[in-house]
Amino acid sequence: MNPVSLPLPPLRRAAALVLLGALALGGAAGCSTAADSAPRTPQEQAQESSPTGTTTPTSASASTATDVGWVQLMTPMNQQAVKLLTLAATRAAEPRVRDFAVRLRTGQEAELDHLHGLLTRMGLPGTDVHAGHDMPGMVTVRDLEAARAAEGPAFDRLVLVQIRDHLRQSAQVSRSEITSGRRADARELAAALVTAREASLAELERLPGAGRALG
């Protein structure tokens with residue numbers, strides 16, 4: 001574990017890994033309350049009640065638990081990252097890190113507009129169902145407190161590590177949505193997010209101090 005990272009309680013880390021693993025497998029296990037609370041589409045209700053157990057074709061707009069889990073995880077991940085990037089935009093010691101934070105924050109805020117629109121179209125609440133969870137790639141309250149307490153190069157190192165983890169994990173779960181999700185608009189947004197994450201990661205790794213901070 002990187003020295004600037006804060007350790008997660010074992011139970012919370014286990015729960016987080018279960019959720020990420022479920023998305024990677026295209027399933028709905030882990031943090032099941034978010035997926036289970038999603039309204040069933042008429043097509044899904046018909047499938048569940050079918051005596052033969054066969055499935056019927058569904059429209060591209062029907063949502064699965066993977067779609068629900070992805071958008072309900074990605075939204076708070078971006079929201080929390082924006083908070084850290086806002087700090088970095090004014091407090092980073094290295095000017096190139098500040099510039100990177102400003103540009104990345106703008107991109108993440110634009111993504112949030114699309115994610116909120118998707119939540120609305122899916123009939124899902126805008127509340128954070130992962131509030132208080134320590135998820136891999138999620139900037140936590142403790143991470144933000146540590147950032148506010150850090151200064152100079154130590155602050156920059158913390159930001160680089162946290163944002164690198166955020167970009168990696170959000171790209172991972174977005175790839176799972178691309179391969180296992182059903183909604184065309186969700187999969188299209190996930191693909192755009194992966195492209196943006198890959199470009200941002202490449203840029204982040206070239207920033208001054210990144211080699212030392214990221215190992």
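This passage walks through the fold, one helix pair, one buried alanine and the salt bridges of a predicted model.

A word on the ground rules. The model is predicted, so local features need pLDDT of at least 70 and side-chain atom pairs count only at pLDDT 80 or more, while totals for chains, interfaces and linings use all residues. Residues are numbered from 1 along each chain as its sequence is written, and side-chain values use heavy atoms, with hydrogens and water left out.

The protein is built from 9 helices and 0 strands, where helices (H or I, at least four residues) and strands (E, at least two) are DSSP runs numbered from the N terminus. Read along the sequence, that gives the pattern α-α-α-α-α-α-α-α-α. Of the 215 residues, 45% are buried; buried means under 20% relative accessible area, exposed means over 50%, and partly exposed is what lies in between (1.4 Å probe, protein chains only). About 10300 Å² of surface is exposed, and carbon and sulfur atoms supply 56% of that area (Shrake-Rupley method, 1.4 Å probe; for residues, only the protein chains shown count as cover). Counting contacts (heavy atoms within 4.5 Å) with a separation of 6 or more, 78% come from residues 24 or more positions apart.

Helix 4 (residues 65-91) and helix 6 (residues 141-149) make up the helix pair looked at here: their axes come within 10 Å and cross at roughly 5°. Axes are lines fitted to C-alpha atoms, for helices over the stretch in contact, and angles run from 0 to 180 degrees between N-to-C directions. Helix 4 is therefore roughly parallel to helix 6, on a scale where angles under 35 degrees count as roughly parallel, over 145 as roughly antiparallel, 65 to 115 as roughly perpendicular and the rest as oblique. On the helix 4 side, Gln-80, Lys-83, Leu-84, Leu-87 and Arg-91 take part, and they meet Val-141, Leu-144, Ala-147 and Arg-148 of helix 6. By type, the residues of this contact split into 5 nonpolar, 1 polar and 3 charged (Ala, Val, Leu, Ile, Met, Phe, Trp, Tyr, Cys and Pro are nonpolar; Asp, Glu, Lys and Arg are charged; the others, Gly among them, are polar).

Helix 5 is home to Ala-101, a residue that counts as buried at 1% relative accessibility. Setting aside neighbours within four places in sequence, Ala-101 touches Leu-85, Ala-88 and Ala-89. Its C-alpha atom sits 5.2 Å from that of Ala-89, although the two are 12 residues apart along the chain.

As for charge pairs, there are 6 salt bridges, a salt bridge being a side-chain nitrogen of Lys or Arg within 4 Å of a carboxyl oxygen of Asp or Glu. One of them joins Arg-197 to Glu-111 at 2.8 Å, N to O. This pair ties together distant parts of the chain, with Arg-197 in helix 8 (residues 184-204) and Glu-111 in helix 5 (residues 95-121), 86 residues apart. Both Arg-197 and Glu-111 are buried. Asp-165 and Arg-164 also form a salt bridge, with their closest N and O atoms 2.8 Å apart. Here Asp-165 is partly exposed at 25% relative accessible area, whereas Arg-164 is buried at 9%. Asp-185 pairs with Arg-183 at 2.7 Å between the closest N and O atoms. Again the acid is partly exposed, with Asp-185 at 24%, and Arg-183 is buried at 6%. Arg-121 joins Arg-183 and Asp-185 in a network of salt bridges.
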